[in-house]
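I opened the notebook to go through this structure piece by piece. The entries follow the order of my lookups.

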Amino acid sequence: MSKIITISEIANHVGEEVTVRGWLYNRTDKGKLQFLSVRDGSGIVQAVAFKKELPESDFTVAQSLTQEASIVMTGTVRADDRAPGYPGGYEIGLKNLQLIQQSEGYPISPKEHGVEFLMDNRHFWVRSLRQWAILRVRATVIRAIRNWLDDHGYLLVDTPILSGLAGENSTDLFEVDYFGEPAFLAQTGQLYNEANMMSFGKVYCFGPTFRAERSKTRRHLVEFWMVEPEMAFFNLEDLMEMEEQFVSAIVQAVLKNHEQELKILERDTSRLTQVTPPFARISYDDAVKLVAEIREKTDDPEQKELLRLDWGTDFGSPHETVIAESFDRPVFVYHYPTAVKAFYMQPVAGRPEICRSVDLLAPEGYGEITGGSERIHDAELLAERVKEVGIDPENYTWYLDLRKFGSVPHSGFGLGVERTVAWICGLPHVRETIPYARTLNRLFP
RNA sequence: UCCGCAAUAGCUCAAUCGGCAGAGCAAUCGGCUGUUAACCGAUGGGUUCCUGGUUCGAGUCCAGGUUGCGGAGCCA
């Protein structure tokens, strides 16, 4: 009985007889010689079947294998530069092959497919090479997020997914029946984070969030994952310094661990290596001027229309794109108009029309990947803002009470996992960055 | 919700001016001892999204609808 190995560790077994268990990814039949491309989850390896080197019945089995048939194979590992795979350069000289189950009519071929077809077959699509690479990067992004926060004194404190609180924007909430009472799926854990921060100093929550926005763009999902750190005694400048360290650590972790995956995705990593502190910083006031200058220079009438912008309105994605393109690394845009941001953001001293908020825009048109602010810590000011915005203070009693018992200045932000993965992988759409995307028209598979 | 585009074989697409519905891949069969999305030969495979209209004749033109895609708004 030979040793069962995973393909990722094949380099340690050159010259040995090994067993690999997996699925047929592709097959090339040359008559008395066949090449089997086999994946086992950890990688892809080429197995070579010469007719004379394995039992006749096993060779016949090899000839009958269809794409995604499950198999157990045994053979000798040898280094060969001609062998493709991940990692490439090694192949298995087949001595024995056992079919577990044939795969009849597998829908996804090595040729191109359309988006709808692939999303309908997402439960199979996750087996494909590009998806394998993307979802491995996603796992590393999540691991890097947790490692960095855990290593820097942040405590993971989970926040509820079901809540009676509306959160930020009541129109975009999913309502569910909670024993006859209305409840909502969480859009953010932030309000709870602010309570937890007073207990643990630096906290974060990390989980799925739900937004019933009727958005149909490359940057939106109905269900997406967000990490939200919240820190006591942090002002806006502290927040930006923390964010640039944090985001850089995530990008560098992927670069370090996924050279192979980024190559599969044909990602140009030169822009990613530049993602190190400090990031660029620009105020909303200056960003508005910057957009106006860029708009002035463009000859494209369509672009001129899209870039139209008055002070006081929020940036749309065309604005964010041209702002981000003006810098060679991620850029913070801070001090947005108070009117376009959430009620709990601290107004700037002497200029209450702007607030201590900051969004981080990723380069290459990937848009906003974090959004955060310094929070209002004064009880009276917060109560005033609640009244101004017109939300029912009844529902926010506990949240308002936080400001009555040792309230301190504090800040926090949320980072969208899918947008971060899309940016790092260089993908055109976030739907491939989550195993089973929930979008406007998709709840299956 | 608004604007634009699309729907033809299992998949990706073609079909000239309105005139016999086609190719590649996949599948099946045959050939080949170094393939890299192998190649060569053969075979099978169609409610041209739906409903109605114009016409001698509609995949193609017209009306309505359905579904999907891209963008805007909104956001991470």
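My notes begin with the RNA, go on to helix packing, and end with backbone geometry.

**Entry 1: the surface near the RNA**

I am working with a predicted model. I started with RNA strand B and asked how many residues surround it. I found 51. The closest of them are Phe 50, His 113, Arg 218, Ser 317 and Arg 419.

Next I looked up the classes. Charged residues number 23 on the surface near RNA strand B, polar ones 17 and nonpolar ones eleven.

I then checked which parts of the fold supply this surface. Eight elements each give at least two residues. The strands are strand 2 (17-29), strand 3 (33-39), strand 4 (44-50), strand 12 (223-232), strand 18 (367-374) and strand 19 (410-416). The helices are helix 2 (115-120) and helix 11 (317-325). Which element gives the most? Strand 18 does, with four residues.

**Entry 2: what the protein touches on the RNA**

I turned to the RNA side. I took the atoms of RNA strand B within 4 Å of the protein. Sugar or phosphate accounts for 47% of them, and bases for the rest.

I looked up individual polar pairs, and noted two at base oxygens. The side chain of Arg 419 has an N or O atom 2.2 Å from a base oxygen of RNA strand B. Arg 419 is also among the closest residues to the strand. His 220 places a polar side-chain atom 2.9 Å from a base oxygen.

I noted one pair at the backbone as well. In Arg 431, a side-chain N or O atom is 2.9 Å from a phosphate oxygen of RNA strand B.

**Entry 3: helix 4 on helix 6**

I moved on to helix packing. Helix 4 (residues 129-151) and helix 6 (residues 236-257) have axes that come within 9 Å. They cross at roughly 140°. I wanted to know why this pair is called oblique and not roughly antiparallel. The latter needs an angle over 145 degrees, so helix 4 and helix 6 count as oblique to each other. Their crossing is right-handed.

I listed the residues that meet. Helix 4 brings Val 137, Thr 140, Val 141, Ala 144, Ile 145, Trp 148 and Leu 149. Helix 6 answers with Met 242, Gln 245, Phe 246, Ala 249, Ile 250, Ala 253, Val 254 and Asn 257. Twelve residues of this contact are nonpolar, three are polar and none is charged.

**Entry 4: helix 6 on helix 14**

I stayed with helix 6 and looked for another partner. Helix 14 (residues 417-425) packs on helix 6 at an angle of about 50°, and the axes are 11 Å apart. That angle makes helix 6 oblique to helix 14. The crossing is right-handed.

From helix 6, I noted Val 247, Ile 250, Val 251 and Val 254. They meet Thr 420, Trp 423 and Ile 424 in helix 14. The contact has six nonpolar residues, one polar and no charged. Ile 250 and Val 254 also appear in the contact with helix 4.

**Entry 5: helix 9 on helix 11**

Helix 11 came up at the RNA surface, and I looked for what packs on it. The axes of helix 9 (residues 284-297) and helix 11 come within 10 Å. They cross at roughly 90°, which makes helix 9 roughly perpendicular to helix 11.

Ala 287, Leu 290, Val 291 and Ile 294 in helix 9 meet His 319, Val 322 and Ile 323 in helix 11. I count six nonpolar residues here, one polar and no charged.

**Entry 6: backbone geometry**

I closed with the backbone. Which residues does a cis peptide bond join? Tyr 86 and Pro 87 are one such pair, with omega about 0°. Pro 87 sits in the loop between strand 5 (70-79) and strand 6 (90-101).

The bond from Pro 277 to Pro 278 is also cis, with omega near -5°. I placed Pro 278 in the loop between helix 8 (270-273) and strand 13 (280-283).

I also noted Phe 179. Its phi is positive, about 50°, although Phe 179 is not a glycine. Phe 179 lies in the loop between strand 9 (175-178) and strand 10 (181-185).

Terms used:
Residues are numbered from 1 along each chain as its sequence is written. Chains are lettered from A and ligands numbered from 1 in the order in which they are written. This is a predicted model: local features need pLDDT of at least 70, side-chain atom pairs count only at pLDDT 80 or more; totals for chains, interfaces and linings use all residues. Side-chain values use heavy atoms; hydrogens and water are left out. A residue is near a molecule or strand if one of its heavy atoms lies within 4 Å of it. A polar contact is a pair of N or O atoms within 3.5 Å; within protein, one must be able to donate a hydrogen and the other to accept it, and residues adjacent in sequence count only if both atoms are side-chain atoms. Ala, Val, Leu, Ile, Met, Phe, Trp, Tyr, Cys and Pro count as nonpolar, Asp, Glu, Lys and Arg as charged, and the others, Gly among them, as polar. Axes are lines fitted to C-alpha atoms, for helices over the stretch in contact, and angles run from 0 to 180 degrees between N-to-C directions. Angles under 35 degrees count as roughly parallel, over 145 as roughly antiparallel, 65 to 115 as roughly perpendicular and the rest as oblique. A crossing is left-handed if the near helix is turned anticlockwise from the far one by less than a right angle, and right-handed if clockwise. Contact means heavy atoms within 4.5 Å.
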